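Visitor: I would like a close look at a single part of this protein, with enough of the surroundings to place it. Could you walk me through one strand and what sits around it, and give me the cut-offs as you go?

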Amino acid sequence: MEKRAFLHACSAAALATLAPASGTAQTPAGSSTPGPLHTLTGTNSEGKPVMLTDYAGKVCLVSFFTAGCALCTNELRLMREFYTANRQRDFVLLGVNMDEKSADFMQYIELLKVSVPAEQRFPIAWRNAEGHKDSFGAISRRPTHFVLNRKHQQVLRREGNFLPTDWDDLWVSLA
C-alpha cells in the first residue's frame, strides 16, 4: 500500500491514540494565524553553511533529532521519502542534529553516506557547533519538527511522531 493511501486509511480514532501527551506544544497546520518567523544559521559536517535564508520562498520542514534515537530514525526515514518525492515542489527538509559530542554527529553522517541514497540526503546542521544560531528555542523532546510556510513562519510544531494528518497538511501546503 502506498504511504499516501495508508495515511488516508487511518481513522481519526486511531490517530487520537497517537497524539502526544497534554502539555506538548502543538500548532495546528491549518491555523489561520502563523506562528513566529524562524531563523537558522549553522554548519554541516563539512563546515559549509546551512542557512534557512537559502531556502526563501520554500516550505521547510525542520527536524531536530539525535543519532541514537529510534523514533528519530523512523521519522527521518519517512521524511527522506517525502523530501525525495516533493523537493521539486519548493520543499526543503533541514535536519538539526542535537548530539552533544561532535564525534557522535560525525559518526551519524558517515553512516548516512553508506546507508542512504544520495538523492535522499538533505542538509543537516549540528546544533552544538560553534556559531550555530536558531530561533526555535529549547527542544525537550526528540524528535521535534517544525513546518514553516514560504515566509518561514511556523505553522506546525510537532513533538514526537509526525501524525498522518501532519503529512497531509504538509503535502497540501505545497500546492
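Guide: Read from the start of the sequence to its end, the pattern is α-α-β-β-β-α-β-α-β-β-β-β-α, which amounts to 5 helices and 8 strands. Helices (H or I, at least four residues) and strands (E, at least two) are DSSP runs, numbered from the N terminus. This is a predicted model, in which local features need pLDDT of at least 70 and side-chain atom pairs count only at pLDDT 80 or more, while totals for chains, interfaces and linings use all residues. Residues are numbered from 1 along each chain as its sequence is written, and side-chain values use heavy atoms, with hydrogens and water left out.

Let us take strand S7 (144–148) as the part to look at. Of its residues, 5 of the 5 are buried, so S7 is largely enclosed by the rest of the structure; buried means under 20% relative accessible area, exposed over 50%, and partly exposed in between (1.4 Å probe, protein chains only). The side chains split into two groups: Thr144, Phe146 and Leu148 point one way from S7, and His145 and Val147 point the other way. For comparison with the whole, buried residues make up 42% of the 175 residues in the protein.

Now the neighbours of the strand. Strand S3 (residues 59–65) pairs with S7 in the antiparallel sense over 5 bridges, where two strands count as paired if DSSP finds at least two bridges between them. Within that pairing, Ser63 stands opposite His145. S7 is also joined by 5 bridges to S8, and these two run antiparallel. Here Leu148 has Gln154 of S8 as its bridge partner.

The two ends of S7 each have a backbone feature to check. Just ahead of the strand, the peptide bond from Arg142 to Pro143 is cis, with omega near -5°, and Pro143 has its place in the loop between S6 and S7. On the other side, S7 and S8 form a hairpin with 5 residues between them. His152 is found in this loop, between S7 and strand S8 (154–159), and its phi is near 70°, a positive value in a residue other than glycine. At 7% relative accessibility, His152 counts as buried.

Another residue with a positive phi is Asp90, where the angle is near 60° and the residue is again not glycine. Asp90 lies in the loop between helix H3 (70–86) and strand S4 (91–97). With 38% relative accessibility, Asp90 counts as partly exposed.

From S8, the path leads on to helix H5. Asp166 is found in helix H5 and touches Leu156 and Arg158, not counting residues up to four places away in sequence; contact means heavy atoms within 4.5 Å. Asp166 counts as buried, at 4% relative accessibility. Asp169 is found in H5 too (residues 164–173), but with 35% relative accessibility Asp169 counts as partly exposed. The C-alpha atoms of Asp169 and Val155, 14 residues apart along the chain, are separated by 9.9 Å.

Strand S6, on the other side of the cis bond, belongs to a sheet. In that open sheet 3 strands follow the order S2-S1-S6, and the pairing is antiparallel. Strand S2 (49–51) and strand S6 (133–134) stand at the edges with a single partner strand each, so one side of each is left without a neighbour in the sheet. Strand S1 (residues 40–43) pairs with S2 over 3 bridges in the antiparallel sense, and Pro49 in S2 is the bridge partner of Thr43.

To finish, a few words on the protein as a whole. Of the contacts with a separation of 6 or more, 73% are between residues 24 or more positions apart. The exposed area is about 9100 Å², with carbon and sulfur atoms supplying 55% of it; accessible areas come from the Shrake-Rupley method with a 1.4 Å probe, and for residues only the protein chains shown count as cover.
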